[in-house]
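This briefing covers domain layout, helix packing and sheet topology. The chain is shown below, followed by the points of interest.

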Amino acid sequence: MTYSDIEQRRLFELSKEILNMSSETMAPEELAFDLREVIQYHEWRYYILNDPIISDYEYDQLFKKLESIENQYPSLISPDSPTHRISSDLTNQFSPVAHLAPMLSLGNSYNADDLIDFDGQIRRLNKMDDASPIVYAVEPKFDGGSIALVYEDDVLIRAATRGNGVQGDEITPNIKTLQTIPLRAKFSKYGIKKVELRGEALIRKDFFSKINEQRLAKGLSLFANPRNTATGGLRTKDPQDTASRSIEAFIYHLSYAETFDGSRYRHNKDSHFDIIDMIGALGFKVPNEQRKRCENIQQVIEFCNYWQEQRESYPYEIDGMVVKVDSLELQEKSGSTSHHPRWAIAFKFKAKQATTTLIDVEYQVGKIGSITPVAKVEPVQLAGVTVSSISLHNQDFITGKDIRLGDKVLIERAGDVIPYIVKSLPDLRNGGESEIQFPATCPVCATLLIRKGGEAAWRCPNYQCDAQVLQRLIHHVSKDAMNIDGFGKAYLERFYELGWVKNMADIYRLNYDQIAQLEGFGQKSADNLEAAIAKAKQNPIRRLLYSLSIHHLGKRVATILATEIEHVLDLKDWDLDRFTTIKDVGPVVAENIIEYFSDQSNIQLLVEMEDLGVNMHQLESDRPKVIQADAPFVNKSILFTGSLQTMGRKEAQRLAEEAGARNISAVSSKLDVLVVGENPGSKLKKAEALGTVKVLTEQEFLTEIGK
Ligand SMILES: [Zn+2]
């Protein structure tokens, strides 16, 4: 079954319409019909294409709506309803095999209330009162591909994908390449002749990155994500390909076990958790610190919430937790519906991905004039936060991803909290989309934009551009620059609008009586601001240099320059040669500084600021620190080898010098200290052979110098 582009658009719109319906405005027959159609479509996107276009949460909402209609109007249940069928990923490339026990999917829960309901349901089903303890086993819900493994007489005889839950595709040769799956396991020691295990095949996040790096180096196309790479790897026709993908498998369930006399195997303890321990002891990979036996539902909630917070720190992709009644007897008594076991439920983490529509693009002007396109999207919930605008970075990002106005876009919040656009969904275009026209002129001052070779951003070259002036003022007062306490963006925007602050000098001639009268201020905040600005006037000049927003002049270059000049205006007499005699000051930043100081209006501004009391002279704190006699490496020679993780080689050498050390370039009897990074190589061997060299790790070095 496939869908045309037109059908896909219609079904996507229909899904959104149904999801946004506040009350049921459609006849139940019609709604049930539509729901079946859209659910089937989204299952196809998810299972067959491995490329869903709505979030799991949205899918579940659709599924629940259909279930509730069918509960309310049983006459509407049709035999082909998705609620009565388990999704299928059979693609007929591999021969189908029947599972020894059907692989059911799990119902979902999203919050503490859902879990409490689940606990209540188990109690009602088993006629247990609130005081009766129910122990739960909680495990990670891996985001990979499900597999079923059959062992007979201790030998792996068959492996299959989940398929439709009843039948899967046989993939034994591929599975045999997975190092984490034992080809033999001593089940016989427990009296088990034949057994079926359930597990999840997946790829560690860092291995996934390495695989893509290697593919990039070989000029191959990149894999989209760890999940697809793992599921694709299971279904490839070439077991070597499977083997090359570093796929691992975790086992989380024993679904079938028979003893040598053909009877059903019974574990000596009535506990799913203990069975997983047994499987782990037999040499299978099972989750350890992420698996817990919880004494009650409150502990379950705490454990689930804990992992929701910690999910990014876990080396594998997980999209939730699985909560199972631990007692096998109670599991059996609770039974199953046609598609879910009643004794287990998935706790789904908040969605990290969502689809929405790109409505508009706005262009922001930065302090050096860089133009950043920002997408305005229809507000959408993402990992618990409403997202309505997302950076599009630059023009190349837009063209590279073929993002258009009106496009449906897939957005994601990954490890960091900033959302980004993963891709546009061109399949869903209706022809009304239009290309994003990057402006030729500045949206604020209408100056023609320029783009220098090698730079990703278009820039407004007008130094007096209103937007840039304001951004530069915000930068000037910021923490890393002049550090004017309590003087934030909001104040500046207000003062700028009032015309009180039009340039940097104006900051130092504010009228505090006037400010005290301003709505929302009062005498106290005016006094505080006055004190903070008075303090900032005494800053070392490295702060002032950094606060000027000269392109490429970062904190490090500002610090270096501050040690070389007596007065800030000395720089107006410097030429390129003078700059390039200083280590670590490159020609690009030098050109920018020269340009800045050759502009008479900038000089004028600095003179005004000095008249207003802003310090322009080198201070004690601008000068390089004198090495103390008790510095950790006084009179020691030092050498760095291997790749350092937290700093560059030059930075390390500078720190060593500050701590009194002398950098030398070879291992000899003259060397006192060798600091080793990763893959140190021959220098370490040589130093060890000498026996007189003190060897430090990078971390030990940092500790010695007090970092
Ligand atoms: Zn401009």
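At what angle do the axes of helix 1 and helix 3 cross? In this predicted model, the axes of helix 1 (residues 5–20) and helix 3 (residues 56–72) cross at roughly 70° and come within 10 Å. Angles of 65 to 115 degrees count as roughly perpendicular, and helix 1 and helix 3 are therefore roughly perpendicular to each other.

**Domains**

- The domain assignment of the protein lists domain 1 (5–84), domain 2 (96–348), domain 3 (353–435), domain 4 (466–622) and domain 5 (637–704).
- Where domain 1 touches domain 3, seven residues come from domain 1 and nine residues from domain 3.
- On the domain 1 side of this contact there are three nonpolar, two polar and two charged residues.

**Helix 1 and helix 3**

- From helix 1, Ser15, Ile18 and Leu19 meet Glu58, Gln61, Leu62 and Lys65 of helix 3.
- The contact of helix 1 with helix 3 is made of three nonpolar, two polar and two charged residues.

**Helix 4 and helix 10**

- Helix 4 (residues 112–125) packs with helix 10 (residues 297–310) at an angle of about 145°, and their axes are 10 Å apart.
- The two helices, 4 and 10, have a right-handed crossing.
- Ala112, Leu115, Ile116 and Asp119 are the helix 4 residues that meet Ile297, Val300 and Ile301 in helix 10.
- By class, the contact of helix 4 with helix 10 has six nonpolar residues, no polar residues and one charged residue.

**Helix 13 and helix 14**

- Helix 13 (residues 466–477) and helix 14 (residues 489–498) have axes that come within 10 Å and cross at roughly 135°.
- This crossing makes helix 13 oblique to helix 14.
- The crossing of helix 13 with helix 14 is right-handed.
- Leu470, Leu473, Ile474 and Val477 of helix 13 meet Lys489, Leu492, Glu493 and Tyr496 of helix 14.
- Six nonpolar and two charged residues, with no polar ones, form the contact of helix 13 with helix 14.

**Antiparallel sheet**

- Five strands form an open sheet in the order 14-13-12-16-17, with antiparallel pairing.
- Strand 14 (385–391) and strand 17 (420–424) are its edge strands, and each pairs on one side only.
- From one strand to the next, the twist averages 45°.
- Strand 12 (residues 353–365) and strand 16 (residues 408–412) run antiparallel and are joined by five bridges.
- Thr355 has Leu410 in strand 16 as its bridge partner.

**Parallel sheet and its helices**

- A four-stranded open sheet has the order 20-19-21-22, with parallel pairing.
- Strand 20 (662–663) and strand 22 (694–697) are at the edges with a single partner strand each, so one side of each is left without a neighbour in the sheet.
- Strand 21 (residues 673–676) and strand 22 run parallel and are joined by four bridges.
- Val675 is positioned opposite Leu696 of strand 22.
- Helix 23 (residues 649–658) lies across strand 19 (637–641) and strand 20, and runs at about 160° to strand 19.
- Helix 24 (residues 682–690) lies across strand 19, strand 21 and strand 22, and runs at about 145° to strand 21.

Definitions and conventions:
Residues are numbered from 1 along each chain as its sequence is written. This is a predicted model: local features need pLDDT of at least 70, side-chain atom pairs count only at pLDDT 80 or more; totals for chains, interfaces and linings use all residues. Domain bounds come from an automatic or database domain assignment. Two residues are in contact if their C-beta atoms, placed from the backbone, lie within 7 Å. Ala, Val, Leu, Ile, Met, Phe, Trp, Tyr, Cys and Pro count as nonpolar, Asp, Glu, Lys and Arg as charged, and the others, Gly among them, as polar. Axes are lines fitted to C-alpha atoms, for helices over the stretch in contact, and angles run from 0 to 180 degrees between N-to-C directions. Angles under 35 degrees count as roughly parallel, over 145 as roughly antiparallel, 65 to 115 as roughly perpendicular and the rest as oblique. A crossing is left-handed if the near helix is turned anticlockwise from the far one by less than a right angle, and right-handed if clockwise. Two strands pair if DSSP finds at least two bridges between them.
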